[in-house]
Amino acid sequence: MSQESRSKIIAALATIIVALLGFLGIMTSAAQQDRKLLQDQINIMTSRIDKLVKDNIKERRLVLELKLELRQVNTKQKILQGFIDSVPLPMWTKDLDGAVFRMSMINKAYEKYFDRSKIEYEGRTDFDVYPEGIAREFQKSDWRVYNSRRHVCRPENMPEGRT
């Protein structure tokens, strides 16, 4: 092989090697960019997971706080129920639900007087339990109490026995 042919082959090989090195450089650069993009995505996902874990911990703490609060409310309600059950006269409490009042608690004397259980009264309106005329009077009385923003303890004209 002649010197000139060798030089051409070497020059061609050099060109190929430079091209390959350039290609490898591009590939290496692309791989580094891909690696950086993947690492950025991993960091973003890790951050999101950390936030979800923290939010989950906060939510679990809130659920536990609500359970504790509910337990305290239930305890207070049991104490109040025990107190009103000890009164020998019919007693009840009502809560406003929209535009009507619903019975929220009744005592044992109330159950005995009307010969019905709490289950038949609690959560019901006067219109569910009494004749319309009596229910209307009770609701008027309830609105007077509500609008005065004071607790009221006074005699009521009760219907006789079981309604």
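Ile44 sits in helix H1 of this predicted model. With a relative accessibility of 45%, Ile44 counts as partly exposed, because that value falls between the 20% limit for buried residues and the 50% limit for exposed ones. Ile44 also has company: together with Met45, Ile49, Val53 and Ile57, this residue forms a nonpolar patch on the surface. The accessible area of these residues together comes to about 440 Å².

From this surface patch, let us turn to the nonpolar residues that are buried. The largest nonpolar core is a set of 9 residues. Its aromatic members are Tyr110, Phe114, Tyr121, Tyr130 and Phe138, and they are joined by Met103, Ile106, Val129 and Ala135. Which elements give two or more residues to this core? They are strand E2, which covers 100–106, along with H2 and H4.

Now for the charged side chains. The structure holds 9 salt bridges, and a few of them are worth a visit. One pairs Asp85 with Lys118, whose side chains meet at 3.4 Å, N to O. Asp85 belongs to helix H1 (residues 3–85), while Lys118 is in the loop between helix H2 (108–114) and helix H3 (126–129), so this salt bridge ties together parts that are 33 residues apart in sequence. Are these two partners buried or exposed? Both Asp85 and Lys118 turn out to be buried.

Another salt bridge joins Glu120 and Arg116, and here the closest N and O atoms are 3.9 Å apart. That distance still qualifies, because the cut-off for a salt bridge is within 4 Å. The two partners fall into separate classes of accessibility: Glu120 is partly exposed, at a relative accessible area of 34%, whereas Arg116 counts as buried, at 18%. Arg116 gets that label because buried means under 20%.

Next, look at helix H4, which spans residues 132–148. Here Arg136 forms a salt bridge with Glu132, and their closest N and O atoms are 2.1 Å apart. How many residues separate the two along the helix? They are 4 residues apart, about one turn of the helix. Arg136 counts as partly exposed, with 38% relative accessibility.

Salt bridges can also link up beyond a single pair. Lys94, Asp126 and Asp142 show this, being linked in a network of salt bridges.

To retrace the walk, you began at Ile44 in helix H1, passed the core that includes Met103 and Phe138, and ended at the network that links Lys94 with Asp126 and Asp142.

Notes: Residues are numbered from 1 along each chain as its sequence is written. This is a predicted model: local features need pLDDT of at least 70, side-chain atom pairs count only at pLDDT 80 or more; totals for chains, interfaces and linings use all residues. Side-chain values use heavy atoms; hydrogens and water are left out. Buried means under 20% relative accessible area, exposed over 50%, partly exposed in between (1.4 Å probe, protein chains only). A nonpolar core is a set of buried Ala, Val, Leu, Ile, Met, Phe, Trp, Tyr and Cys residues joined through side-chain atoms within 4.5 Å. Patches are made of residues with over 30% relative accessible area and no salt bridge: like charges are joined within 9 Å, nonpolar side chains (Val, Leu, Ile, Met, Phe, Trp, Tyr) within 5 Å. Accessible areas come from the Shrake-Rupley method with a 1.4 Å probe; for residues, only the protein chains shown count as cover.
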